Amino acid sequence: MIPRWRRSWDDQSEDLPVDVMPCSNGEYIPLPPTSEQRAIMRLANAETERWRHKMGMSRRQFVRTAAATAIGFWAIDMIADTRFGHYGYAHNTETTDACDLEWAGRGGLETLSNLPGEFIFDVQSHHVDPDGLWRVNNPAFHAFFAAIWPQASPLLGGRPGLRNDGTVRGGGAGEVDPIANLSRFHYLKELFLDSATTMTVLSAVPTGPEIQQPLPILEAVETVNKVNELANSQRSVMHSFVMPNRGSAGTNTDGMGLKPVFLQEELDQMTQRAALYGGTPGNPGILRGWKVYCPWGDVPMASGWFLNSPEIGMPFLEHVQKLSTEYGVPPVVASHKGFALPGFDQRAAATFDVGPAAKAFPGIKFLIYHSGHDLFPGPQEPYKGKDAYAPDARSVDAFIANLERSGMDAITHGGNSPNVYAELGSVWRDYMGTPSEAAILLDKLLTYVGPKRVVWGTDSLWYGSPQKEIVALRRLQFSNERFPHGLDGDFEDPSVNVATSAPDRTIRNRILGRNAAEAYGIDADLTRNAITCDAVNDVKGEYLTDPDSYKEYAPMASNQVLGPRTRRQLFAMMKEKPWGP
C-alpha cells in the first residue's frame, strides 16, 4: 500500500496584491461590495491570469510580483471614476490590457524599496500577543478576535479568501493557532519585509486594565526593542494606551464636577511608563505618545469622554504636557475619532472637541486617527463650508468644519493647522479603490488641515501588508488650482513641482512620513541614512528576488487582507457583549 502524505500547512495564498473589496479594521461595519468593486477585481484577476501565462509563471508566484501590483492599479483606472484623480493609467483607457506593465514594473512605483526622498512612517500599526493572559481573563475580547478576523477564526473556517464570487482563489492562514496570525512575527514580516514601510508607531487596542489587554505594555516594549535590536537602528516606537474615563458615569455627567473613579490611577500609570520608557527632554525613548479612544468606556453607549471636558480631558492633557517636560515624551495625543461600534458612545466619536482642546493646549500635537471618517459617509464630495455640517456629525467634512468653527483650520492659520493632524488609517484604504474620491479626500485635508499636517497610518496589520496602500499614494495623480502639481508640489509652495529636484519636499513624501516624523521628534533624514545598511535592510535585500526587473517580488508575501469582510463576521461573537472586557 502506498502511503499518502498530507502536509500540516496550506499552500500560499493566491490572492491578488491589490484588493478594493470592502473590509473593516474591526471597529466598524464594512459596506457591501459594489458592482464596480467586483468588476475591478474580475478585470484584475483576468489580466493576472493572462500575464502570468505569458511569463510562464505560476499564479502563486506571479501575484507576488511588482507586475501583479501594477495590474491592480491599472484595473482601478480602467473601471473606476478618474475625473479628479487617477493612478497613472487613465491616459490609456482605450486599451483592453495592461500594456504599460513592463514600464511600470522596472524599478517603478510598486517597489518594496524606498524611492528618492521617501521616509514611510506608519503611525498606526497593531498586533496582539497570542500567548497573553487576556485570552483567559478577557474571554469576550478573545472571542471578538476569534470571530471577526478571518485568518484568526476557526468559527469562519479559517480560510481568508478574498470573496465568494469565484473571481479569486483563496489560501490558508498557515498557523495552527489562528490568533498567532496576529502575532509579533507577522507584524515584523508584513510591515518591514512585505512593504516599503521605514518606521512604525506600535499603537494600542482599547480595553480595560492591563491584565485584559491584547497587547500588554511589556509585549509592546519587547516588540519595539526587538525591531530596533534586529535592525541595529531605530525602526519602531510606541504609544501607551490611556483610559482617563475609567470609572466614569459618562458624557451625561459632563460639567457636574464628577471625576472618574480611576482617573488618578490612569495618570499615575502614565507617569510610571514615562519614567520607564520616555527618556529625557531632548533625548526621548521608545514611548513617543499617548493613545486614547474617546467613544469607549465602562458603561455601554454612555461613558465616552471629550478631549476638552473639564473633569476628564483637561486633567489628562495637563498630564501629557507635564510628562513631556519631565520625561521628554513627545506631547502627542493620538485620538480615535469617527466610526465607532454599536455599544460605544457615538457622541464621543464626533470631532467638535478637537479644536477647543488643541486651542487650549497649543504645545500638544493632536493626531486624529481616521480623520474623523464615519461608517457610511457615502462618496467623497468637495467641502461645502462649515454651515453644511452639524457639529456632532461624523465624517471627514465634519472634522474639517469643526476645525473651522474653532479657528484651528489651515485657512485661518496661513496654510496649516497649528497643532491638529489628520491621519489616514482606514479612510485611505476605504477610498483608494476610487481615485477621484481619493483625490477629493486629500484635496480637502491638504487645504483645510494643511500639507504639513496630513500623516500616514494604515491600521496594519488588520488589513495585512500596507504595501498596496503605499503604492496607491505613490501613484495618485490629481491637480487643481490649489495644487496644480498634485502631490508632487512643494509642501511650502504647491505651485512648484519638486518631484525631481527635491523629492524630500514633495507633499507626497511629507504625507508618507516626514510630517509625522516632526511630530514624534524623529529626524527623518538621519534615521533614513542609518537604516540604509541596517540588518533589516540586509534581510529585505536577500528576501527580494530579482530586484532590478519587473519580476521583483516578495516570495513569502501573504497578499491577504486580514480584517472582517461582512457584517456577519463582525457581529458573529458580539451578540452577547459589545467590544471590550
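Student: Let's start at one end of the sheet: which residue stands opposite Ala422 in E10?
Tutor: Keep in mind that this is a predicted model. Strand E9 covers residues 420-423 and runs parallel to E10, with 2 bridges joining the pair. Across from Ala422, in E10, you find Val454.

Student: In what order do the 8 strands of the open sheet come?
Tutor: The protein chain has 19 helices and 10 strands. Of the strands, 8 form an open sheet with parallel pairing. Read across, the order is E1-E2-E3-E6-E7-E8-E9-E10.

Student: Which strands stand at the edges, and why is one side of each left without a neighbour in the sheet?
Tutor: A strand at the edge has a single partner strand, so one of its sides is left without a neighbour in the sheet. That is the situation for residues 121-125 and for residues 454-455. The two edge strands are therefore E1 and E10.

Student: Let's move along the sheet. Over how many bridges do E3 and E6 pair?
Tutor: E3 is made of residues 236-241, and E6 of residues 287-293. One facing pair to look for is Met238 and Leu287, the latter in E6. E3 and E6 pair in the parallel sense, and the number of bridges is 3.

Student: And what about E6 and E7, how many bridges do they pair over?
Tutor: E7 takes in residues 332-336 and pairs with E6 in the parallel sense. You can spot Trp290 opposite Val333 in E7, and Val292 has Ser335 as its bridge partner there. For E6 and E7, the number of bridges is 4.

Student: How many residues of E6 are buried?
Tutor: Buried means under 20% relative accessible area. E6 is mostly covered by that standard. Its buried count is 7 of 7.

Student: Which residues of E7 point one way, and which the other?
Tutor: E7 is mostly covered too, with 5 of its 5 residues buried. Both groups are buried, whichever way they point. One way go Val332, Ala334 and His336; the other way go Val333 and Ser335.

Student: On to the helices. Are H12 and H14 roughly parallel or roughly antiparallel?
Tutor: Two packed helices are described by the angle between their axes and the distance between the axes. H12 (residues 396-405) and H14 (residues 435-448) pack at about 10 degrees, with axes 11 Å apart. Angles under 35 degrees count as roughly parallel. So H12 and H14 are roughly parallel.

Student: By class, what residues does the contact of H12 with H14 have?
Tutor: H12 brings Val396, Asp397 and Ile400, while H14 brings Leu441, Lys444, Leu445 and Tyr448. Sorted by class, the contact comes out as 5 nonpolar, no polar and 2 charged residues.

Student: Are H15 and H16 roughly parallel or roughly antiparallel?
Tutor: Their axes come within 9 Å and cross at roughly 155 degrees. Angles over 145 count as roughly antiparallel. H15 and H16 are therefore roughly antiparallel.

Student: By class, what does the contact of H15 with H16 have?
Tutor: From H15 come Leu473, Arg474 and Arg475, and from H16 come Arg508, Ile511 and Leu512. The class count is 3 nonpolar, no polar and 3 charged residues.

Student: Is Asp490 buried or exposed?
Tutor: Asp490 is in the loop between H15 (467-475) and H16 (507-519). Its relative accessibility is 7%, and the cut-off for buried is under 20%. So Asp490 counts as buried.

Student: With which side chain does the side chain of Asp490 make a polar contact?
Tutor: Leaving out residues up to four places away in sequence, Asp490 touches Val496, Val498, Arg505 and Ile507. Its side chain also reaches the backbone nitrogen of Glu492 at 2.6 Å. The side-chain polar contact, at 2.6 Å, is with Arg505.

Student: Ser495 has a relative accessibility of 46%, so what does it count as?
Tutor: Ser495 is found in the loop between H15 and H16. Buried is under 20% and exposed is over 50%, with another class in between. At 46%, Ser495 therefore counts as partly exposed.

Student: Which side chain does a polar contact of 2.6 Å join to that of Ser495?
Tutor: Leaving aside neighbours within four places in sequence, Ser495 is in contact with Pro484 and His485. The C-alpha atoms of Ser495 and Phe483 are separated by 6.6 Å, with their places 12 residues apart along the chain. The polar contact of 2.6 Å joins the side chain of Ser495 to that of Asp493.

How values were computed
Residues numbered from 1 in each chain as written. Predicted model: local features only at pLDDT ≥ 70, side-chain atom pairs only at ≥ 80, totals over all residues. Heavy atoms only, no water. Buried < 20%, exposed > 50% of the residue type's maximum accessible area, 1.4 Å probe, protein only. Polar contact = N/O pair within 3.5 Å; in protein donor to acceptor, adjacent residues only side chain to side chain. Contact = heavy atoms within 4.5 Å. Axes fitted to C-alpha atoms, helices over the stretch in contact; angles between N-to-C directions. Parallel < 35°, antiparallel > 145°, perpendicular 65-115°, else oblique. Nonpolar A, V, L, I, M, F, W, Y, C, P; charged D, E, K, R; others polar. Pairing = 2+ DSSP bridges.
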